[in-house]
Amino acid sequence: MTEETAAPVSGATDVRDAVTVRMPADSAYLSVLRTATAGLAARLDFTLDEIEDLRIGVDEACAMLLAQALPGTDLTTEFELAGDGMRISVSVLTSDGRLPARDTFAWTVLSALAGEVDTSTGPDDRVFIVLHKRRGTVETA
């Protein structure tokens, strides 16, 4: 796990941190990621319910991606903490770059738990799911 703390912009009052967690693309390691998610959300003073929603949301995003991850590759999770919100990007290398379906129950649950959710592809058929949760906002499914 690595942590990079960005230098504050002159006159800015919000803390902005970035943390990257890279681990084998195997569900056996997800407890580490859930713990990291909870710790970082607590740092931003998310409520216990919001922290639990994020933990479950990250777990759900990982489950969607691990199903198509290439064997022997890494699951990469990037956390960006800023002010009253957290952006979490989870990605894996895949064989075909297929995006997760948005018309599934799993996607609906993910959207309800995490706030804003998006997906994209990158180089080498890397698939990303990006969650963005703000503290104290009421989400609607």
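The following exchange concerns strand S4 and the nonpolar core of this predicted model.

Colleague: How many of the 9 residues of strand S4 are buried?

Modeller: Strand S4 spans residues 85-93 and is mostly covered. Taking buried to mean under 20% relative accessible area, the number of its residues that qualify is 7.

Colleague: Which residue stands opposite Arg87 of S4 in strand S6?

Modeller: Strand S4 has pairings to follow on both S3 and S6: it runs antiparallel to S3 (residues 74-82), with 8 bridges joining the two, and antiparallel to S6 (residues 126-134), with 9 bridges. In the pairing with S3, Arg87 stands opposite Glu80. In the pairing with S6, the residue opposite Arg87 is His132.

Colleague: Which residue in the hairpin of S3 and S4 takes a positive phi?

Modeller: The hairpin leaves 2 residues between its strands, which are themselves antiparallel. The positive phi, near 55 degrees, belongs to Gly83.

Colleague: Which element gives the largest share of the largest nonpolar core?

Modeller: This core holds 33 residues, of which Leu33, Leu75, Phe79 and Met86 touch the most other members. Elements that give two or more residues to the core include strand S2 (16-24), helix H1 (30-43), S3, S4 and helix H3 (105-114). The largest share, however, amounts to 8 residues and comes from H2.

Colleague: Which residues numbered in the nineties does Leu75 touch, leaving aside residues up to four places away in sequence?

Modeller: Leu75 is among the core residues that touch the most other members. Its contacts include Val21, Met23, Leu30, Leu33, Cys62 and Leu66. Those numbered in the nineties are Val90, Ser91 and Val92.

Notes:
Residues numbered from 1 in each chain as written. Predicted model: local features only at pLDDT ≥ 70, side-chain atom pairs only at ≥ 80, totals over all residues. Heavy atoms only, no water. Buried < 20%, exposed > 50% of the residue type's maximum accessible area, 1.4 Å probe, protein only. Helix = DSSP H or I, 4+ residues; strand = E, 2+ residues; numbered from the N terminus. Pairing = 2+ DSSP bridges. Core = buried A, V, L, I, M, F, W, Y, C linked by side-chain atoms within 4.5 Å. Contact = heavy atoms within 4.5 Å.
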